[in-house]
Amino acid sequence: MGVKGLQTYVEKNCPHACEKVDLRRLAQDYRENHGKTPVLVVDGLSCVRDHFYHGGLAWVYGGQWQEFLTSLQNFVQDFQSAGIEVVFIFDGVVEKSKRPVWISRRKSELKTVKKVFQHIRTTKREPNRRLLRLPPGTGMFAGLGLKSLGVLVYHSLVEADREIAEFAVSEDCFGILSQDSDFLIYNMGAASYFSAQSLKRRKGGLTTVRYRADELCDHLGLERSDLPLLSCLLGNDIIPHTKLENFHSRAARGSQLIPALAKFINDLPPDITVPDVAHRVFSSPGNIQLFVQGMLSYVLPGQTTKWPMPVSMLTNVVPSLQEAPSKNEEEDKTTKGQNHVKHVQPDISAKILREAKRRHQNTENIKAIYEILTVAEGDSGVYLEEEDSVIPPASIFYRPIREKLHGVLYGVGVRPLDGTAPGVDQCSRQLSRLTIGGEEIVVGRNAAKDWSAHPGATLKEPDIILAKPLDMPGGTPTLEELWFAPGVRNVALRWRAFMSGMSCSIPTDRQKTIPRNLKVLVVVLHYMVRQCVLEDWEVDAFLIQALLCNEWYKIRRRNVPVYPRAIQLAALFVKGLAVAIAMNCACGWPLPTESCLPWWFFDGKFFHHVYLQARSGTSAWDLCGRSESRWQLFQLLKGCVSCGQPREIRMQSGETNDLFQSQSSTTFHQSGNKAQNRASTPQEQSTRPVSVESFESGRQSGKTHHCSQSQTPTGYQQSGNRTQKRANRPQEESTRPVSVGTFDCVSSYGGSSEFWRQSGKMHQRSQPQTPRTFQHPGNRSSQKQATRPVSKGTFDCVSSYGGSGEPGKQSEGTNHCSQSAGFQQSGNRTKQYLSKSKETFDGDAKPKDLSSEQGMKKRKHNRRRKKGNEATAELSLETV
């Protein structure tokens, strides 16, 4: 943030205060003079936009996270190669006095997001960086990513610029790298203030601009100790510029403002107090305490101010998270609608608070955890969310999870020693009076304030997020159990708490089969599917890009068209990762934090590429690169994501049915709209995926799971076949045409063979290779059978027809759907042959009317294949 207009004035009018320097040379001189390694304190958030998520990265797609991690590595290595140790400090709080500034900036960003979507819908391209909106959680992922690289990363307990200045003075640091004019005001001794915006990291050199406060003082005729007063007269983060407009017009009288304010300071009597200065500035006496607070915010520990002030005004010098009302003291009341909501200090044990503070400072927890535990307040920024979209804002979409997060932190539903549970009745499993039974809502006890900037939010007052218990045996575990208890038993408890907090219903035996670095991906997608925000093929796109995202470089230089729905889904998913990390921290890290970071399984541009491929009709088998091992892992993940979901979870991407109605401040409602069940003929079913419950490999627990054609490798028409017209589905046909020329997982969606021409390769239309599990080598009739249509009654892994006669019974060793070869191969017309023979399991099918000559030829041909067909039927029965 900083001092209004000061940095611009210095750069334009005081060139001697802007000195171009080489950090390598300065660091070498520092080592020679002090005999130790120079330490540079980096303001983390000031580097996010220009150096971490730099101009070479696409930003509208949802985050280029692997490239982002590389930029973090390069940044650290550049300084280490120059012999400079870097320490990063990130903002850990938004102080109450600076909330109006925060709100003003978020409102401006919401207007920018509107312009972004207007540009995208007009051009289908990413806007320039003038409209840049960083992906969700970029600052959080930067801190966690840097910590994973082994460097020191801290979160501040107060405003970050003050803590950075304190650290630089106390640790005798070489300098500060930031872009905040407040560092011209702080008296930091020998530590220099270097510009992050002017930093150039070239091979063999680190150059930037050093701002010199002594040159600025000489230019203005002020002493170094006068600069805090100049900051308060100009307007800063504590004293809004709007409150000073009348004073500025009186002081400047048409001349330059800053020299005029310097003259005002020099004309003050030497013994004047700060309140007396405030009386001369403000006409209202109510701003005097604010002026005093602004002055004292620049006084670091061990320093004094030149301008005296009464001792009675020295209380609450620096606002902090640690300074909160006593436990039973009511802080204030906020009118929300017709209800008065009380605010109290959260009743958290001293042991938990000490540990929470340590984890917060060391970036072991994300900042939201400590904020909720101390001041019961949080916030979330602006994301790429379109107004009037069928996709709900992320802050509303993930509200049920955040309610459970607050429940864990506040102990709602914890079973006391006497065996009763105030949050959940252990017999009926119903919520008690604590949250919905009429008990008073109290922020800090069973609720928390939340400032969420999303389309439609007024930001006049915070939302109230309730604290709700976890639905798990024994009630919500205590933080002492989750954070301190040792042993394998408590490791399992943390995992169960995390899964309950994320509303995840994946069976335990399936959870163990998910690779560790993909667990959080599956959990977030599972929640998104449960909330009916994803179509079945969109789930495929998320999963397949996760398996292929290390191939992001293949499309790095491609202009991937920008699709608004994909942008919002990507932003919603990445925000879900941030919510999952918060739950992971609250539950004592059942998952290593590093495995939850997005560069393991998400690349925004590659997701967009795969999304457009899937939307155009490319089959999941083709998108998997026709790799059998990759296909099996995809099937495993898809089964976990869709486990326990409704048979039909789709929704039309072009429809306007709202899945979420308007949200109250305390309740998350789903609308009553359901995805429409679209009846179709078997012929239609063979050309489009039907979202049904995915099969479960291994032993089933008495449930019947059906194999959907969306999981079938060759469920779409193959390369070279004619696109079959589906007259009965014109709306879906227009929103998702079937691709006729798909070959590879990165094949073109913008025209025939576009990608392969660009890469210098010829796009060869060849027949897809069916996985070995679908082939019957050595059996000629079986191979023919594989190209024949299999009627709707035939299943391979969990059939509900025929075979053993037991619905849902799975044959051993069979894991694939037999409908994979439901069409004849490329070059032939797609034909369906209906047969009365028993191997089709379709007793209602009637033969097609044929002429006598055609019928004779057909019967003659069938007699020659009779033996082979009977053998195939027996094989099919055994497979079922």
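In the predicted model, the largest nonpolar core comprises 159 residues, and the members that touch the most others are Phe 52, Phe 88 and Phe 573. The element giving the most to this core is helix H23 (residues 564–586), with 15 residues. A second core, separate from this one, holds 63 residues, including Ala 278, Ile 288, Met 295 and Tyr 298. Nonpolar side chains tend to be buried together in soluble globular proteins.

The surroundings of Phe 88 were examined with its neighbours within four places in sequence left aside. On that basis, Phe 88 is in contact with Val 42, Phe 52, Phe 75 and Val 76, and also with Leu 146, Val 151, Leu 152, Val 153 and Tyr 154. Phe 52 thus appears both as a contact of Phe 88 and among the three residues that touch the most other members of the largest core.

For the protein chain as a whole, 32 helices and 14 strands were assigned. The chain has 880 residues, of which 55% count as buried. Among contacts with a separation of 6 or more, 73% are between residues 24 or more positions apart. The exposed area of the chain is about 39700 Å², and carbon and sulfur atoms supply 48% of that area.

Helix H8 (residues 213–220) was considered in terms of burial. Ala 213, Leu 216, Cys 217 and Leu 220 are buried in this helix. Viewed down the axis of H8, its buried residues fall within an arc of 100 degrees, and therefore line one face of the helix. The cover over the buried residues of H8 includes helix H1 (6–13), strand E8 (205–211), helix H9 (227–234) and helix H11 (257–266). Gly 221 follows H8 and has a positive phi, near 75 degrees.

Charged pairs were treated next. Side chains of opposite charge can pair when their charged atoms come close. The structure holds 34 salt bridges. One of them is formed by the side chains of Arg 212 and Glu 19, with an N to O distance of 3.8 Å. Arg 212 lies in the loop between E8 and H8, whereas Glu 19 belongs to strand E1 (residues 18–22), so this pair ties together parts that are 193 residues apart in sequence. Arg 212 has a relative accessible area of 29% and is partly exposed. Glu 19 also counts as partly exposed, at 26% relative accessibility.

A salt bridge also joins the side chains of Glu 109 and Arg 133, at 3.4 Å from N to O. Glu 109 is in helix H5 (residues 99–123) and Arg 133 in the loop between H5 and helix H6 (138–148); the pair links distant parts of the chain, 24 residues apart. Both of these residues, Glu 109 and Arg 133, are buried.

In the salt bridge between Lys 468 and Glu 403, the closest N and O atoms are 3.5 Å apart. Lys 468 is placed in the loop between strand E14 (463–466) and helix H18 (479–484), and Glu 403 in helix H17 (residues 399–410), a link between distant parts of the chain that are 65 residues apart. Lys 468 counts as partly exposed at 22% relative accessibility, where under 20% would count as buried. Glu 403, with a relative accessible area of 4%, is buried. Arg 99, Lys 367, Glu 371, Glu 377, Asp 379 and Lys 449 are joined into one network by salt bridges that share partners.

Terms used:
Residues are numbered from 1 along each chain as its sequence is written. This is a predicted model: local features need pLDDT of at least 70, side-chain atom pairs count only at pLDDT 80 or more; totals for chains, interfaces and linings use all residues. Side-chain values use heavy atoms; hydrogens and water are left out. A nonpolar core is a set of buried Ala, Val, Leu, Ile, Met, Phe, Trp, Tyr and Cys residues joined through side-chain atoms within 4.5 Å. Buried means under 20% relative accessible area, exposed over 50%, partly exposed in between (1.4 Å probe, protein chains only). Helices (H or I, at least four residues) and strands (E, at least two) are DSSP runs, numbered from the N terminus. Contact means heavy atoms within 4.5 Å. Accessible areas come from the Shrake-Rupley method with a 1.4 Å probe; for residues, only the protein chains shown count as cover. The arc is that of the directions from the helix axis to the C-beta atoms. A salt bridge is a side-chain nitrogen of Lys or Arg within 4 Å of a carboxyl oxygen of Asp or Glu.
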